[in-house]
Amino acid sequence: MTRIFAFLVCLTPLIAQASDWRQFRGPQGTGVSDETQLPTTLDAGKNLAWKTALPGRGLSSPIIVGDRVFVTCSSGANQDRLHVICFNAGDGSKRWERQFWATGRTTCHEKISVAAPTSASDGERLFALFSSNDLFCLDLEGNLLWLRGLMKDYPNASNGLGLASSPVVVDGVLVSQIETDGEAFVVGIDAATGLNRWKIERPKKANWTSPLLVRGAKGKMVVALQASTGITAIDPTSGNELWKYTEGASTVPSSAVRGDTLYVPSNGITALQTSQDGAPFKQLWRATQLRPATASPIVVEDRILTLNDAGVLNCGDTIEGKRLWQLRLKGPFSATPLAAGHFLYLVNEKGLAQVVDLSKPEGEVVGELDLGEPIIGTPSIGGGGIYFRSDRHLWKIQKT
Amino acid sequence: MFTRSVVTIRLSLIFTAAAVCNGLFFVSAAEVEESVRAIRGIGAEGKGQVEAAKAMQSLRSADAKSILTILMAMGEGNALADNWLRAAVETIAQREMTKGTRLPMLELGQFVLETSNPPRARRLAFELITRVDPVTADRMLTGMVNDPSTELRREAVQKTIQQAETSLAESNKVGAVLLFQQMLGLARDVDQVDSIAKSLRTLGQTVDLPWTLGFLTQWKVVGPFDSTGGKGFAAVYRPEETLDLGAEYDGKTGKVRWQTLAQTEEDGSASMNKPFTPLKGAAAFAYTEFNSEHAQTAELRLGSKNAFKVWLNGKFLFGQEEYHRNKAIDQYRMAGQFQAGRNIILVKVCQNEQTEDWATEWDFQLRVCDSLGTPLRSSALAKAVIAPASGGKL
């Protein structure tokens with residue numbers, strides 16, 4: 001009986017699985033999946049596992065924990081009704097939905113929406129953040145565990161265009177980067193209680209980039225905060241600053257990471273190795289030709305890929321940042337590409353998904369699928385499928 | 001004996017856990033009320049969060065009848081608590097509906113119909129009814145075009161707009177115009193007002209949109225003051241210290257005096273570019289008076305792409321140092337205490353030094369509303385005071 005009780009108590013954590021996609025750009029925020037059975041030619045008739053309607057707008061990525069897919073949306077005349085929805089990954093049926101009222105301002109640019117930041121999960125809890133700075137923590141069954149109205153707490157932390165930075169959870173701390181012209185801070189919130197563990201002031205400048213986990217000295221994970229001033233690495237448990245890179249960075253595309261190296265949208269792309277003994281970081285190279293536009297860069301094995309304003313995919317090597325080839329795609333793009341194996345998955349703003357085979361000498365488009373609706377949000381990969389979301393629908397594409 | 005007790009305790013724990021999981025363990029009415037009180041104690045920066053989380057655990061096990069108690073506890077001005085309570089209602093409702101238990105539909109319906117109940121709670125009750133009986137819910141909307149719940153009102157207004165469009169499709173232009181005009185006065189969401197206005201204009205009717213939305217259009221303005229490097233937002237200029245409509249100040253380009261702002265835009269914007277030319281690195285002040293028939297709390301609703309500060313009767317309400325991100329009607333909602341009679345509204349609006357084409361706007365739009373978004377209009381007294389140039393101190 002003790003075993004039964006233990007089973008009951010421990011049921012929720014068991015739901016989480018290795019193929020989870022628990023945050024923006026998935027495990028470690030790399031955007032790279034270890035899935036090996038994804039479709040590459042994309043045929044609507046063969047590969048559409050399911051498509052389901054969403055009750056509101058959003059560009060947050062779906063996140064996947066075990067057999068559940070979590071999506072956020074916003075609806076209503078002022079986009080002030082906030083939705084957190086859990087779907088079954090298998091058939092797209094809805095398990096539960098919770099709705100809340102926004103307590104902060106909801107004004108956004110027409111391309112952004114209040115459901116812009118991607119949720120995060122530690123495998124037991126879901127942390128859903130909205131542009132109104134409303135933050136909800138629910139268990140995987142939809143039970144509200146705590147909430148915060150961060151614009152109530154910090155009233156000038158808003159951006160008329162909307163906020164989009166996605167939080168990360170590490171060592172029991174949810175790190176949320178909220179930087180606007182009026183008020184800017186990063187807060188470490190205790191994942192269990194919802195109370196601040198620490199809060200640090202940041203440069204007052206609008207910033208849409210997301211914090212990123214990167215391996216620092218002695219293998220310890222640190223949080224890299226990107227802003228117009230550059231990169232600040234902090235200890236996620238205390239918020240203490242560890243090191244700074246001060247040569248500026250973009251406030252729209254976030255850095256890419258692979259292992260102990262950050263590929264920062266700074267003066268094109270600047271590669272920073274972060275696990276140096278006795279030194280905060282080492283600048284490996286800088287490549288102005290690899291400058292990304294809105295979508296964040298991604299590193300796939302020894303290649304770095306960026307998308308420019310013209311919808312051209314730039315491929316460089318990660319050793320010295322040399323551009324290897326360019327491939328014109330059908331843009332424009334806001335969503336960040338993802339990768340599995342040697343395939344790159346992209347979706348443009350018109351909803352055209354494209355697959356690029358990176359094993360070809362200069363890359364080659366091998367698959368296309370027109371989803372027929374504007375898509376701004378980055379897709380997700382998990383449980384053998386790719387998930388795309390628009391303002392109206394959520395799709396699961398998988399191999400048959 | 002000892003072993004048997006341990007087994008009994010363990011069994012009790014297991015069955016309790018299982019019962020809670022299956023919704024078989026309900027809490028008493030007193031416990032529900034106590035939990036609701038704990039949740040209503042939630043405050044800034046997570047204050048009361050731990051207590052609220054414990055209370056929520058209790059509420060999850062409450063029965064369907066408790067939904068009414070929880071709904072009644074909403075709308076006390078604590079938006080965070082309202083979200084906690086909403087989650088409790090949804091959790092209970094989902095569990096009961098999954099089990100096949102009937103929700104207290106009559107009580108929920110009566111709760112909705114009682115317009116003195118909290119608007120958001122009434123809306124939530126309406127949504128529960130909609131899930132169970134959408135036909136009845138839809139019929140209930142009839143007569144809600146003047147409802148104190150903006151969400152219920154919106155749906156009811158939308159139904160009437162559809163009726164107007166049907167009239168139009170049936171070539172009953174007069175009928176359509178009358179319905180549109182009726183809804184123009186009742187709609188509270190700006191997008192709905194805008195849509196109705198477009199329909200009426202298409203039908204040849206004149207619509208004064210700034211007046212309909214209640215924008216304040218009578219201003220006296222002074223400027224430009226030097227705000228080079230963005231210093232103007234934090235700087236304290238003389239009009240912030242003492243309001244004197246007859247005063248002369250040292251401005252950015254010479255001596256400046258208060259002047260009447262003669263024009264406003266279709267969206268109710270008061271443009272500083274018109275009196276002061278499209279300057280950069282400048283600050284200006286706009287002054288108006290609002291005559292309130294009685295003392296009341298009302299909302300000043302402002303939209304601007306520029307950094308601003310707002311004072312009501314000399315009391316600072318809110319400011320935001322942000323330039324050229326976005327502007328929307330009702331972007332910022334500030335609660336203010338209006339006194340009976342004359343009230344003074346002062347706005348500082350700053351322009352930065354961005355040179356892009358899209359960074360030329362230097363304006364704001366402001367209206368006074370009740371919490372529902374109903375425009376409150378100043379009486380003729382205030383207009384009479386502000387219309388002529390005033391040389392006296394306030």
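## A well-connected spot in chain B

Let's start with Ile39(B), which touches Ala52(B), Ala55(B), Met56(B), Ala81(B), Trp84(B) and Leu85(B), leaving aside residues up to four places away in sequence. Bear in mind that this is a predicted model.

Ile39(B) also belongs to the largest nonpolar core, a set of 212 residues. Along with Trp84(B), Leu85(B), Ala125(B) and Ala284(B), Ile39(B) ranks among the residues with the most contacts inside that core. Helix α5 of chain B, residues 79–99, supplies the largest share of this core, with nine residues. As a general point, nonpolar side chains in soluble globular proteins tend to be buried together.

## Chain A on its own

Over in chain A, you'll find four helices and 33 strands. The C-alpha trace of chain A spans about 55 × 50 × 50 Å along its principal axes. A compact globule with 400 residues would have a radius of gyration near 21 Å, and chain A agrees with that at 20 Å.

Of the 400 residues in chain A, 57% are buried. Take the contacts in chain A between residues at least 6 apart in sequence: 53% of them join residues at least 24 apart.

## Where A meets B

How many residues of each chain are in contact with the other? The count is 36 residues of chain A with 36 residues of chain B. On the chain A side, the elements giving two or more residues are α1 (2–9), β6 (94–101), β10 (144–149) and α4 (150–153). The most comes from β10(A), with six residues.

As for chemistry, the side of chain A that touches chain B has 15 nonpolar, 15 polar and six charged residues.

Technical notes: Residues are numbered from 1 along each chain as its sequence is written. Chains are lettered from A and ligands numbered from 1 in the order in which they are written. This is a predicted model: local features need pLDDT of at least 70, side-chain atom pairs count only at pLDDT 80 or more; totals for chains, interfaces and linings use all residues. A nonpolar core is a set of buried Ala, Val, Leu, Ile, Met, Phe, Trp, Tyr and Cys residues joined through C-beta atoms within 7 Å. A residue is buried if 20 or more other C-beta atoms lie within 10 Å of its own, exposed if 12 or fewer, and partly exposed in between; C-beta atoms are placed from the backbone. Two residues are in contact if their C-beta atoms, placed from the backbone, lie within 7 Å. Ala, Val, Leu, Ile, Met, Phe, Trp, Tyr, Cys and Pro count as nonpolar, Asp, Glu, Lys and Arg as charged, and the others, Gly among them, as polar. The radius of gyration is taken over C-alpha atoms; the globule rule is 2.2 Å times the number of residues to the power 0.38.
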